[in-house]
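Hello,

Here is the structure I promised to pass on to you. Have a look at it first, and then read on for what turned up in it.

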Amino acid sequence: MLGRFIKSRERRHAARDTNRVVRPFEWGAEFVVGHTNGDDPRDTLARATREALRRSDEFYALPPVEDYELRGERLTWTSAVRTPSPENNTARARFFPERKPTRRAVVVLPQWNADAQSHVALCRLLSRLGIAALRLTMPYHEERRPEGLERADFLVCPNVGRTLQSMRQAVLDARASVAWLADRGYERIGIVGTSIGSCTAFLAFVHEERLSAGVFNHVSGYFADVVWRGISTRHVRAGIEGALTLEELRESWLPISPMPFAERLKGQRARPMRFIAARHDLTFPADLSRDVIARVKSLGVPLDVTWLPCGHYTSGERPWVYLDGWKIVSFIRKSL
């Protein structure tokens, strides 16, 4: 009965947003490789995908950032990925210093279409507990959203190449956040991500060994499967379906999926991780969470798993939001 009730609430939450737009399918190879010289975009993108997987250290490499600027609690810098939207090319974050210096800090990555207040309460709590928090504004969100868009449509969209570019930008912005904290003397740095922020956080975690711990709030192994099956991304699937199968889309979006990079954890120093999943999640379906949990566990690396008795949207509602927050904060305090 509880499961039926929660799933009903999940569907109502998903239906309340009436400004979703079904955008047309595009290969968008130019977003990944620049000029395509008239080549077949499917082939161009396939080659770029294979190369990104083979040389992911280069795909997710962070060039030096020279223009960090902190004004009050607002941090800005030029994003390492240049997109067609000038507003989006300035990376932005909000800094919550710890009450007493402890040299511990966390990068916080909110969910898709988060507003400016999302995860702020979490950051303030971490700050009070002696852990600095740097909340990143995800690409195409808040001040980074181009005029004319009501939602962060370009972060996840039926343009295959643009989605690859946007997620790569999110990972590099997260790594730039880690670099800024390290430059300020923080010695133990963690990362916390929710939903698409969780996917971004995991990709950053496996490519950034300065991170000492991670909490991944809602987990799934394949980016495409969440888009295809989740109730929050039906409009994205509607733009893709008919042009690509799920299997083809999964192959195209492997460079932004956690599953292909899980193996990297075996060759790295042991770092504590917590995966948080929801039993009644219709956005990150629970079987997809179980698959990536099983894969990471099979590697023999430190992994703590928590299952919430709610769904994706309802994890932000009382009483589950308190349970979720406690699972995040308690693990970070223990692990940093």
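**What was found**

The second largest cavity has a volume of about 30 Å³. Please keep in mind as you read that this is a predicted model.

Let's stay with that cavity for a moment. Around the second largest cavity you will find Val-32, Ala-48, Thr-49, Ala-52, Phe-59, Leu-164 and Pro-255. Which helix gives the largest share of this lining? The answer is helix α3 (residues 41-54), with three residues. Sorted by class, six residues of the lining are nonpolar and one is polar, while no charged residues are found there.

How many cavities of 30 Å³ or more does the structure hold? There are two. The largest cavity contains about 40 Å³ of space. Its lining is made up of Val-21, Arg-23, Asp-153, Val-156, Cys-157, Pro-158, His-235 and Val-236. Here the classes are five nonpolar residues, one polar and two charged. If you wonder how such spaces are found, rolling a probe the size of a water molecule over the atoms shows where empty space is left.

Next, try tracing the sheet. It is an open sheet of nine strands with mixed pairing, and the order is β1-β2-β3-β5-β4-β6-β7-β8-β9. At the edges are β1 (69-71) and β9 (304-308), each of which pairs on one side only. From one strand to the next, the twist averages 20°. As a reminder, strands of a sheet pair through backbone hydrogen bonds, either parallel or antiparallel.

For one pair to look at closely, take β7 (residues 211-217) and β8 (residues 273-278): these strands run parallel and are joined by four bridges. Within this pair, Gly-214 stands opposite Met-273 in β8.

Now look for helix α6 (residues 160-183). This helix lies across several strands, including β2 (74-78), β3 (90-96) and β6 (188-194), and runs at about 155° to β5 (132-136).

Finally, the salt bridges. The structure holds 24 of them, and one is formed by Arg-151 with Asp-17, whose closest N and O atoms are 3.6 Å apart. Why pick this pair, and which parts does it tie together? Arg-151 sits in the loop between β5 and α6, and Asp-17 in the loop between α1 (2-15) and α2 (30-33), so the salt bridge ties together parts that are 134 residues apart in sequence.

Enjoy exploring, and write back with any questions!

Best wishes

Conventions. Residues numbered from 1 in each chain as written. Predicted model: local features only at pLDDT ≥ 70, side-chain atom pairs only at ≥ 80, totals over all residues. Heavy atoms only, no water. 1 Å grid on protein atoms, 1.4 Å probe; cavity = no way out; pocket = protein on both sides within 12 Å on 5 of 7 lines; lining within 4 Å. Points joined across faces, edges and corners; volume = space filled by probe spheres on them. Nonpolar A, V, L, I, M, F, W, Y, C, P; charged D, E, K, R; others polar. Helix = DSSP H or I, 4+ residues; strand = E, 2+ residues; numbered from the N terminus. Pairing = 2+ DSSP bridges. Axes fitted to C-alpha atoms, helices over the stretch in contact; angles between N-to-C directions. Contact = heavy atoms within 4.5 Å. Salt bridge = Lys/Arg side-chain N within 4 Å of Asp/Glu carboxyl O.
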